[in-house]
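Student: I am new to this structure and should be grateful for a close look at one part of it. Please explain how that part fits into its surroundings.

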Amino acid sequence: MSSPVYTAVIKNEGNWWIGWVQEIPGVNCQEATREELIDTLQTTLREFIEDDLAALSALGEYEKVPIKL
């Protein structure tokens with residue numbers, strides 16, 4: 001199974017670069033440079049996913065079901 005791909009929406013706003021991950025509400029960041037923003041978004045997304053997996057582990061036994069649109 002391949003790793004999922006997420007979409008970072010980024011924009012330059014004056015002295016800042018702002019961005020968010022389109023598929024995950026709440027994963028948003030701002031940095032002084034485009035490169036820093038992309039790195040920070042990647043780190044924030046990774047931490048979000050790790051925290052989510054830890055929360056799922058606390059549920060005990062569960063099933064993941066793919067849903068297609």
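Student: Which residue in β3 does Ile-18 stand opposite?

Tutor: Ile-18 stands opposite Gln-30 in β3. The model is a predicted one, in which local features need pLDDT of at least 70 and side-chain atom pairs count only at pLDDT 80 or more, while totals for chains, interfaces and linings use all residues. Residues are numbered from 1 along each chain as its sequence is written, and side-chain values use heavy atoms, with hydrogens and water left out.

Ile-18 itself lies in strand β2. Strands (E, at least two residues) and helices (H or I, at least four) are DSSP runs numbered from the N terminus. β2 covers residues 16–21 and pairs with β3 in the antiparallel sense over four bridges; two strands pair if DSSP finds at least two bridges between them. On its other pairing, β2 is joined to β1 by six bridges, again with antiparallel strands. In that pairing, Ile-10 stands opposite Gly-19 of β2.

The three strands form an open sheet in the order β1-β2-β3. β1 (8–13) and β3 (28–31) stand at the edges with a single partner strand each, so one side of each has no neighbour in the sheet. From one strand to the next the twist averages 20 degrees (axes are lines fitted to C-alpha atoms, for helices over the stretch in contact, and angles run from 0 to 180 degrees between N-to-C directions).

The connections between the strands each include a glycine with positive phi. Between β1 and β2 the hairpin has two residues, and Gly-14 takes a positive phi near 65 degrees there. The hairpin of β2 and β3 has six residues between the strands, with Gly-26 at a positive phi near 100 degrees.

What, then, does Ile-18 touch? Not counting residues up to four places away in sequence, its contacts (heavy atoms within 4.5 Å) are Val-9, Ile-10, Lys-11, Glu-13, Cys-29, Gln-30 and Leu-37. Ile-18 has a relative accessible area of 24%, which means that it counts as partly exposed. Buried is under 20%, exposed is over 50%, and partly exposed lies in between, using a 1.4 Å probe and protein chains only. Ile-18 and Arg-34 are 16 residues apart in sequence, and their C-alpha atoms are 8.5 Å apart.

Several of these partners deserve attention. Val-9, in strand β1, is partly exposed at 27% relative accessible area. Beyond four places in sequence, Val-9 touches Ile-18, Gly-19, Trp-20 and Gln-22. The C-alpha atoms of Val-9 and Val-21, 12 residues apart along the chain, are separated by 6.2 Å.

Lys-11 and Glu-13, two further contacts of Ile-18, form a salt bridge whose closest N and O atoms are 2.9 Å apart. A salt bridge is a side-chain nitrogen of Lys or Arg within 4 Å of a carboxyl oxygen of Asp or Glu, and the structure holds one. Both partners are partly exposed: Glu-13 at 37% relative accessibility and Lys-11 at 44%.

Leu-37, another contact of Ile-18, leads to helix α1. This helix (residues 34–58) packs on the sheet and touches β1, β2 and β3, its direction making about 150 degrees with that of β3. The 25 residues of α1 should span 36 Å at 1.5 Å a residue, and the end C-alpha atoms are indeed 36 Å apart; the expected span is 1.5 Å times one less than the number of residues. The buried residues of α1 are Leu-37, Leu-41 and Leu-45, and they pack against β1, β2 and β3. An α-helix has 3.6 residues a turn, so residues three or four places apart point the same way.

Leu-37, Leu-41 and Leu-45 join Val-21, Ile-24, Val-27 and Cys-29 in the largest nonpolar core, seven residues in all. Such a core is a set of buried Ala, Val, Leu, Ile, Met, Phe, Trp, Tyr and Cys residues joined through side-chain atoms within 4.5 Å. α1 gives this core its largest share, three residues. Within the core, Leu-41 has contacts beyond four places in sequence that include Val-21, Val-27 and Cys-29. Leu-41 also touches Ala-8, a residue of strand β1 that is partly exposed at 44% relative accessibility.
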